[in-house]
Amino acid sequence: MFVGIVVCVTVLTDSTLVVGSGVTGREMPSLLNSGRLHIGNINQNIVNTEFAVEGLVHQRALELKVELKQGVKKPFEDLIEADTGDIADQKLITFVRQVTAAACLPELLDDTTFPEDVKSRVQNLLQHFQGNSIGSLTDSSGLKMVRRHIAEFIRQRDNNPSRWEDIIIVPGISAAVKILSNLMNFSSNGLPPGVLLPVPQFPLLTRALTEFGVKKLDYFLDEETGWSVVVDELEQVLLNGKIHCQPRAIVVINPGNPTGQLLSRKNMEDIIKFAEREKLLIIAFEVYQDNVYEDNIFQSFKKVLYEMEAPYKNTELVSLMSCFRGYAEEVGLRGGYMELYNVGPAVKDFLKKNIMISDSPPACAQIALDCITNPPRLGEPSYPLFASERAALLTSVAERAKLINRGINRIPGLSCQPVQGSFFAFIKVDIPEKAVEQANSLNLSPSTFYGLEMLEKSGVVVVPGDGFGQKPGTHHFRMTILLPEERLKEALRRIRKFHIEFVNQYCDDNNTEIDQ
């Protein structure tokens with residue numbers, strides 16, 4: 001059988017540069033004639049995307065790891081990797097691991113160390129897989145039993161109804177974004193679809209939307225009021241966006257990543273009223289809903305919307321939750337769910353057809369979701385250990401959130417809004433003008449320059465703020481709060497020492513030196 005690739009070629013001038021590829025028109029014909037795939041003839045939407053967490057600082061950190069192993073002398077003995085929320089040494093929930101392990105290897109059901117409720121849970125789950133094996137495929141939207149448990153979890157959380165038929169299990173949140181991007185990839189006026197996105201924002205959102213050609217309409221969160229959403233900002237962004245795209249949805253992240261804020265009830269109501277007025281779908285990322293600290297209380301957008309008067313209670317909403325965040329922190333399992341609320345039946349059918357052309361959600365992810373949304377109950381054998389592990393994890397992370405707030409805000413020139421939820425702090429940096437000029441001379445953003453300098457001088461790995469978006473003229477970095485407490489204290493000590501030396505190195509006539 002002969003398999004060929006048909007390539008449509010656009011004639012380019014010698015000086016034309018293919019955007020994002022570094023390939024000129026002079027080079028393009030020879031590359032195309034060679035019959036090879038290359039950076040100039042693949043999806044330019046993907047070529048032009050970047051992922052902040054894997055940017056220049058991350059790449060340099062990988063190099064430094066190798067250099068340290070080779071014995072190269074550095075100002076530090078080791079790296080402190082504070083750039084991601086994937087912390088390998090965090091204690092995981094025993095119940096989730098036991099159920100998942102026994103579902104993968106049913107012979108473990110004969111192990112006397114496994115509690116009886118774990119065994120009954122596994123046996124019940126396996127009955128819903130073809131051949132009683134997780135090696136089989138499930139319904140494209142996920143196991144009906146797991147979706148029923150998710151709906152009951154939502155009902156108890158919000159004290160309002162939830163239908164299991166409105167639940168779709170997905171292989172990770174980024175997969176959900178791609179599914180929704182495909183859903184919205186239509187325009188009735190010839191303009192591409194657009195989505196309002198918060199800035200700062202989690203970069204995977206941008207990556208997934210850009211892949212489908214959806215236009216970003218960035219709205220800035222207000223740092224001075226705890227990263228709240230300002231309706232006047234939304235209205236101005238929407239007005240400007242209508243010139244070059246057809247706005248279809250607004251994304252909200254609550255609790256925030258990278259900002260760590262929790263939206264107030266009033267702020268959520270204002271967003272819902274705006275979305276209903278402008279006929280926008282609300283896409284609510286609520287993956288950190290279990291990680292809320294101090295006296296703060298998480299309220300879902302569905303709960304707030306349901307309790308409002310018409311027409312606002314009829315606003316279309318898609319809520320997303322994940323098993324690889326929250327107290328379970330099962331990052332590698334890549335499972336989550338979408339709840340479709342006030343979404344028409346024809347659209348739900350479209351979504352299910354869309355999902356059918358891809359794989360069904362991973363079996364282990366569905367099992368973990370079942371454990372998280374239907375955990376052990378009081379009186380069951382696994383409950384005491386589950387409850388103590390969960391409480392210990394949430395208490396420990398809450399203490400580290402307070403620690404990072406206190407530590408950062410005591411460093412002159414650094415500031416951090418209260419971390420009310422999620423796993424991250426988004427830290428504002430006052431960078432001297434001379435340092436900004438130095439960054440510009442190196443063709444680097446000031447935030448990236450600062451992050452690289454911090455890495456080289458202190459060994460602390462963070463993510464520069466420009467990868468998430470930030471207001472012009474401001475500079476930030478994101479760091480996780482999930483480091484073990486002693487490592488977090490050491491990171492804060494190193495950051496303080498570095499920042500003071502950095503400011504003193506680049507201070508000018510308008511800056512005074514900072515004492516250690």
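## Exercises on a predicted model

D166 touches M338, E339, L340 and K348, leaving out residues up to four places away in sequence. The model is a predicted one, and the exercises below start from this residue.

**Exercise 1. Place D166 in the chain, and work out whether D166 counts as buried or exposed.**

*Solution.*
- Step 1: Find the segment. D166 sits in the loop between α6 (144-158) and β4 (167-170).
- Step 2: Check the accessibility. The relative accessibility of D166 is 7%, and the cut-off for buried is under 20%. D166 therefore counts as buried.
- Step 3: Look for a polar partner. The side chain of D166 makes a polar contact with the side chain of R163, at 2.8 Å.
- Step 4: Add the contacts from further along the chain, which are M338, E339, L340 and K348.

**Exercise 2. Stay in the loop between α6 and β4 and describe N159. What is the sign of its phi?**

*Solution.*
- Step 1: N159 lies in the loop between α6 and β4.
- Step 2: Its phi is positive, about 60°, although N159 is not a glycine. Most residues other than glycine have a negative phi.
- Step 3: With 67% relative accessibility, N159 counts as exposed.
- Step 4: Now try K279 in the same manner. K279 also has a positive phi without being a glycine, at about 55°.
- Step 5: K279 is placed in the loop between α10 (265-277) and β8 (281-285), and at 62% relative accessibility K279 counts as exposed.

**Exercise 3. Which residues does the cis peptide bond with omega of about 5° at P200 join, and where does P200 lie? Then repeat the search for P311.**

*Solution.*
- Step 1: V199 and P200 are joined by a cis peptide bond, with omega about 5°.
- Step 2: P200 belongs to the loop between β5 (193-199) and α8 (203-211).
- Step 3: The bond from A310 to P311 is cis too, and its omega is near 5°.
- Step 4: P311 is found in the loop between α11 (301-306) and β9 (317-322).
- Step 5: For background, most peptide bonds are trans.

**Exercise 4. How many residues of helix α13 are buried, and what do they pack against?**

*Solution.*
- Step 1: Helix α13 covers residues 363-373, and ten of its eleven residues are buried.
- Step 2: Name some of them: A363, I367, L369 and I372 are among the buried residues of α13, and so are Q366 and D370.
- Step 3: Follow their packing. The buried residues of α13 pack against α4 (94-104), α5 (116-126), α6, β4 and β10 (336-341).

**Exercise 5. Work out why helix α16 can be called largely enclosed, and compare its span with the expected one.**

*Solution.*
- Step 1: Helix α16 runs over residues 446-458 and has 13 residues.
- Step 2: From first C-alpha to last, α16 reaches 18 Å, close to the 18 Å expected at 1.5 Å a residue.
- Step 3: Eleven of the 13 residues are buried, so α16 is largely enclosed by the rest of the structure. Among the buried ones are P446, S447, Y450 and M454.
- Step 4: Look just past the helix. G459 follows α16, and its phi is positive, near 80°.

**Exercise 6. Which two residues touch the most other members of the largest nonpolar core?**

*Solution.*
- Step 1: The largest nonpolar core holds 76 residues, and F477 and M479 touch the most other members.
- Step 2: Helix α17 (residues 485-506) gives the most to this core, with seven residues.
- Step 3: Domain 1 (56-88 + 397-506) and domain 2 (141-373) each supply at least three residues of this core.
- Step 4: Leaving aside neighbours within four places in sequence, the contacts of F477 include L414, F426, Y450, M454 and I495.
- Step 5: There is a second, separate core of 35 residues, and I134, F153, W164 and I367 are in it.
- Step 6: As a general pattern, nonpolar side chains tend to be buried together in soluble globular proteins.

**Exercise 7. Is H475 buried or exposed, and which residues does H475 touch?**

*Solution.*
- Step 1: H475 is in the loop between β14 (463-464) and β15 (476-480).
- Step 2: Because its relative accessibility is 13%, H475 counts as buried.
- Step 3: Not counting residues up to four places away in sequence, H475 touches several residues, including I427, V429, P446, S447 and Q470.

Technical notes: Residues numbered from 1 in each chain as written. Predicted model: local features only at pLDDT ≥ 70, side-chain atom pairs only at ≥ 80, totals over all residues. Heavy atoms only, no water. Core = buried A, V, L, I, M, F, W, Y, C linked by side-chain atoms within 4.5 Å. Buried < 20%, exposed > 50% of the residue type's maximum accessible area, 1.4 Å probe, protein only. Helix = DSSP H or I, 4+ residues; strand = E, 2+ residues; numbered from the N terminus. Domains from an automatic or database assignment. Contact = heavy atoms within 4.5 Å. Polar contact = N/O pair within 3.5 Å; in protein donor to acceptor, adjacent residues only side chain to side chain. Expected span 1.5 Å × (residues − 1).
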